[in-house]
Amino acid sequence: MIYIKILLTTILTMVCLTVKAQKIEMYFPHFAGKTYDFIIFQGSGTKTVIQDTIPSDGRFTLTVPKENAPYTGMSRWLITGTQQGGGLDMLIPGHDFAVSCTEIIPDNKNIIYTGNTEIPQLNDLYTKQQGIFAKYDAMLQARKAFGADDKNYPLFDTEYQKQMKAYEAFQNELKKINNYPAKFTNIVNITQGIGTQIVDSKEQKAKNIAHYIVQDMDWQTLYTSGHWAGIISSWIDVHSMIINDPQQFKADFLTVSSKIQNPKNYTDFVQAVANALTRNGKDELIKMITPVVVKSGKVLSYERASAVYLSGIEGTQAKDLILTEGSSKENSKILKSTDFAGKDYTKTLLLFYHSGCGNCETLLVELKKNYEKLKSENIHIIALSSDTDLSVFKNKAKDFPWKDSYADGEGANGENFKNYGVTGTPTLFLIDNQGKIILRTASLDNVLSKLN
């Protein structure tokens, strides 16, 4: 598959006061007749702005619509409908430009770009950084191979220290340049586990990356980079697994929140954070930042993962359940959270799961083993499946020792999953007899510890 990644950008200049669509004039005669998609990156998602066929003369225009213009960020021109594939990943500047290639197989040497002055700069930055790391890695291996007692070790160590300083100088250069290529360079670095400093330990490296994300990251650049969700997830992973300081996380979250003013971007941000925290089982951190999110006034809607900020966290009232027998909405009934326990139970355990999910299967085995204990503690189990194939759901549920299991066939888009902000399975909720959430977790051990 031909997949050329060329990054384009120029300084954004406004030639008039009225917003107009941006155009990319394309000339690829050897691709005539092929269908393509033209996509721009928007936070956690993408927007397909054009789906068309390349005309017989190979000349066509890619257009960024007015509602997204002026657009500076990553895009993808993707050849579709063929096994060979192909296309370009392009960084679009805030104005029109042109791309052409008259060769059968496009590459870095035969693609011609018109109207972009920063391509050489971007290539120079990449080449310079690669040169630094090539020498650094060589000296690092040499130091390890020969040891401090070897007569050549001082030479290796001197060059090693030199490359560390060279990378520090390179980072200072990026700060001075401070344009899209410079910012994008560090974004890509983070996706590869590279921070702004060369440090020895993984912990130091992780903390350095987290510091850059909070203090120096350009969040608008990240929003259009195609790496939005991945970097936010990495940031949460660092806090969850390495830093492990709730107060530091809250402070960092406040700093980032103050930097993202666009409501659309902020809504995407808090949703990505909720998704990552839920995946890491850090519901206490969700509870900690919820007042910040709600009071910000920047959340357009609380849907999917971000629903957890309004419900589904410890200490809040559980949402009523919509219980569906099969796929027919006519068979649905509402079970109020205050009636979960009923007369016969003191607590309720809600299980959100998916058949075939490895962690879910493990949890189901544990739940069956501990069913009698839970029953003796007067706990009512209600299982809610995200299975879209109802035959799979029924085949799995028939072996459950508890009787209340439901699936609406809508998967993770079902109302119960949305109302509880469940984006990953398994997820457990322990609820008291008044309908208040006592615990949200992915571990049955955590549930059992609450009973002791």
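## Exercises on a predicted model

F249, F253, V256 and S257 of helix α7 touch Y266, F269, V270, V273 and L277 of helix α8. The model behind these exercises is predicted.

**Exercise 1.** Describe the character of the contact of α7 with α8 by residue class.

*Solution.* Start with the α7 side: F249, F253, V256 and S257. Add the α8 side: Y266, F269, V270, V273 and L277. Now sort them. Eight are nonpolar, one is polar and none is charged.

**Exercise 2.** Find how α7 and α8 run relative to each other.

*Solution.* Two packed helices are described by the angle between their axes and the distance between the axes. Locate the pair first: α7 covers residues 246–259, and α8 covers residues 263–279. They pack at an angle of about 160 degrees, and their axes are 11 Å apart. Angles over 145 degrees count as roughly antiparallel. Therefore α7 is roughly antiparallel to α8. Last comes the handedness: the crossing of α7 past α8 is right-handed.

**Exercise 3.** Is Q42 buried or exposed?

*Solution.* Place the residue: Q42 lies in strand β3, residues 35–42. Its relative accessibility is 15%. The cut-off for buried is under 20%. So Q42 counts as buried. Then list its partners, leaving out residues up to four places away in sequence: K47, N68, Y71, Y223, T224, K264 and D268.

**Exercise 4.** Which residues have pLDDT under 50?

*Solution.* Begin with the whole protein: the average pLDDT is 89, and 94% of the residues score at least 70. Then turn to residues 1–17, where pLDDT stays under 50. The model gives this stretch 65 contacts beyond four places in sequence. Where pLDDT is low, the predicted coordinates should not be read in detail.

Notes. Residues numbered from 1 in each chain as written. Predicted model: local features only at pLDDT ≥ 70, side-chain atom pairs only at ≥ 80, totals over all residues. Heavy atoms only, no water. Axes fitted to C-alpha atoms, helices over the stretch in contact; angles between N-to-C directions. Helix = DSSP H or I, 4+ residues; strand = E, 2+ residues; numbered from the N terminus. Parallel < 35°, antiparallel > 145°, perpendicular 65-115°, else oblique. Left-handed = near helix turned anticlockwise from the far one by under 90°. Contact = heavy atoms within 4.5 Å. Nonpolar A, V, L, I, M, F, W, Y, C, P; charged D, E, K, R; others polar. pLDDT = per-residue confidence, 0-100. Buried < 20%, exposed > 50% of the residue type's maximum accessible area, 1.4 Å probe, protein only.
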